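Here are my notes on the model you passed along, in numbered points. Have the coordinates open while you read.

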Amino acid sequence: MGRILKPTAFKRVLFFIAIDAFISLCTLYLAYALRFNFSVNQAYLEPFWRVYFTLFILKGSFFYYFKIYHSVWRFFSLHEASQLIKAHFFSYSIFFILFLLFSSIYSPFPRSVIIMDLFLSAVFIGFVRISKRALLKSTVASDLNKTIILGINDKSVSIIKSALNGDIDYYPSAIIAIKKENESSVNSYINSVKVYAYKNLESIIEEKGITSAILCVDMHSNDLKELYNRLHDAGVKEIKKVKILGSHSEKLEDLSIEELLARHPKDLDTKTIASFVKDKVVLITGAGGSIGSEIVRQCKDFGADKLILVDHSEYNLYQIGQEVPDASLNLLSVTNKDNLQAIFDKQKIDIVIHAAAYKHVPICEANIQSAIYNNIQGTKNLIDCAIASQVAKIVIISTDKAVRPTNVMGTTKRITELYAQNVDAKESEIVSVRFGNVLGSSGSVIPKFKQQIEEGGPITVTHKDMTRYFMMIPEACQLVLQAASIAKGGELFILDMGEPIKIVDLATQMIKLYNKENEIEIIYSGLRPGEKLYEELLIDESEKKT
């Protein structure tokens, strides 16, 4: 029995043929009734069945020709509606010609019935298709998460269509006009979904029983935090954002902690960066690391003529090489000066960006000699080779841990800053750029916290008062390039990292993002050797002026 009832394409065609046959019969009789004011003379009904069967055979043939019976009616759209109208137009046109040629077969027959039946049939057959889609939508909607769409733009329209078509497991119940320029759209509708004001967010969530949200607009991190907290406090635990994959595709992904904490600098001058990098030969050390690889991508996007990538990790170098296939890949350590100099001897290099370093504080504390040799000797080798090769610009990436250093890593970076400032640069311009933690970099606290949450906790924080500066990797790397572009040589640039963030607040926010407030515990493990409670970006007033 189950096999008989199982839906197939053939059964779907039979179903619609039967429905169309019944509707055609009803509309033809209704057309007769309307023509004769619901008092049809029996003589006019004599050819009724001949007219009906001729019309239905014609309609069925053109329905098949225009692939109307092969359409999936849950996706009934304007295209299918236009095909339906075309099929009716051709069917009734040919019937009218047959009627003129063989009028004796169909007489007596009032010609006005053809026009009336044409409209009635198109409307009612089309209505069945639309009704089926609406029924499917309402059935699907009852099984899906009631979702609020945040923002009005092309992304939100696309997501609403995907949701209404059943492509994603969310059903849009309301749209919120986040941006001020969209406030005029309040109380209007987009694809039958009503637009509401941002100030009414909580009341709409409660009224409609919203359980999830989809963010379709870009927001500053402070505004995003405010929105996230309002949604979370209103009971919306699942928050997605739209990521565009191509010109006609998108996907939904979870809102990340990086986006909630990110500082998006407003002082980026991409034109200056582009003019600095475009058509230049750029050598990047540590090119496969989290910072180095992003600098590689930025240089590629800003039009560098050639990229020379240096890294001592074969896997990291391979990974970035896959993204930039035209780059020159050099597997070596910056501590090997001869091999390093050989690269400079092969080609005239315009810009050197030094991102290679050991930067994990506890590991450097446990491996002091390796940290000193790699960070100090390696940087010295690079600077000396670049100066000897008359490289125009040398960029040394430093860290906030170089300020009044209390650990080996910070001390090595401060020494490299001092060397860069005091070496005889000759024809080269050397600049150091100092910044704090970047979100998602290797060794960052965020991947560690994610792993601890996914394993069920607890999250370990070294101290309740520990703070750090954070910035997104792309923004930090662009600011490094901008600093390099405006440097004249001998400067120490310090990025504005925004306000410091308490690590315990970061842990709490991540627990909320994972909806684990009552499951994950935060414990304090104590400061590790060489670790500060808080990081500084400046040393004294003289550096502030710089």
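1. Start with the long-range picture: of the contacts in the protein chain with a separation of 6 or more, 76% are between residues 24 or more positions apart. Keep in mind that this is a predicted model. The chain holds 22 helices and 20 strands, and 48% of its 546 residues are buried. As for the outside, the accessible surface is about 27200 Å², with 55% of that belonging to carbon and sulfur atoms.

2. On confidence, the mean pLDDT of the chain is 79, and 81% of the residues reach 70 or more. The stretch to flag is 537-546, where the pLDDT is below 50. Beyond near neighbours in sequence, that stretch still has 24 contacts in the model, so treat those with the pLDDT in mind.

3. Now the inside. The largest nonpolar core has 35 residues, and Ile284, Cys299, Leu307, Leu309 and Ile353 have the most contacts within it. Which helix gives this core its largest share? That is H20 (residues 473-486), with eight residues. Another core, of 23 residues, lies apart from it and includes Ile308, Val310, Leu382 and Ala420.

4. Ile353 is a handy residue to click on. Leaving out residues up to four places away in sequence, Ile353 touches the run Val282, Leu283, Ile284 and Thr285, plus Ile295, Cys299, Val395, Ile397 and Leu481. Two of these partners, Ile284 and Cys299, are also on the list of residues with the most contacts inside the core.

5. Helix H14 (residues 314-323) has Leu317, Ile320 and Gly321 as its buried residues. Why do they end up on the same side of H14? They cover an arc of only 110° around the axis, which puts them there. Tyr315 and Gln322 are exposed on the other side of H14. The packing partners of the buried residues are helix H13 (290-301), strand E9 (306-311) and strand E10 (328-331).

6. Helix H19 (residues 445-454) is worth viewing end-on too. Its buried residues are Ile446, Phe449, Gln452 and Ile453. Looking down the axis of H19, they fall within an arc of 125°, so they line one face of the helix. Just after H19 comes Gly456, with a positive phi of about 95°.

7. Leu28 lies in helix H2. Is Leu28 buried or exposed? Its relative accessibility is 1%, so Leu28 counts as buried. Setting aside neighbours within four places in sequence, Leu28 is in contact with Phe48, Val51, Tyr52, Leu55, Val113 and Asp117. The C-alpha atoms of Leu28 and Ser121 are 7.9 Å apart, although 93 residues separate the two along the chain.

8. Some backbone geometry to check by eye. Asn37 has a positive phi of about 55° without being a glycine; it is found in the loop between helix H2 (9-35) and helix H3 (42-45). Lys426 also isn't a glycine, and its phi is near 55°; look for Lys426 in the loop between helix H18 (408-422) and strand E13 (429-435). With a relative accessibility of 65%, Asn37 counts as exposed, and Lys426, at 64%, counts as exposed too.

9. There is a cis peptide bond from Ser107 to Pro108, with omega near -5°. Pro108 is found in the loop between helix H6 (103-106) and helix H7 (112-143).

10. In the loop between strand E12 (393-399) and H18 you'll find Arg404. Its relative accessibility of 44% makes Arg404 partly exposed. Its C-alpha atom is separated by 8.6 Å from that of Arg414, which is 10 residues away along the chain.

11. Last, the cysteines. How many disulfides does a search of the whole structure find? Zero. A disulfide is a covalent bond between the sulfur atoms of two cysteines. For the surroundings of two cysteines, Cys26 is partly exposed, with a relative accessible area of 35%, whereas Cys364 counts as buried at 3%.

Notes:
Residues are numbered from 1 along each chain as its sequence is written. This is a predicted model: local features need pLDDT of at least 70, side-chain atom pairs count only at pLDDT 80 or more; totals for chains, interfaces and linings use all residues. Side-chain values use heavy atoms; hydrogens and water are left out. Buried means under 20% relative accessible area, exposed over 50%, partly exposed in between (1.4 Å probe, protein chains only). Helices (H or I, at least four residues) and strands (E, at least two) are DSSP runs, numbered from the N terminus. The arc is that of the directions from the helix axis to the C-beta atoms. pLDDT is the predictor's confidence in each residue, from 0 to 100. Contact means heavy atoms within 4.5 Å. Accessible areas come from the Shrake-Rupley method with a 1.4 Å probe; for residues, only the protein chains shown count as cover. A nonpolar core is a set of buried Ala, Val, Leu, Ile, Met, Phe, Trp, Tyr and Cys residues joined through side-chain atoms within 4.5 Å. A disulfide is a pair of cysteine sulfur atoms within 2.5 Å.
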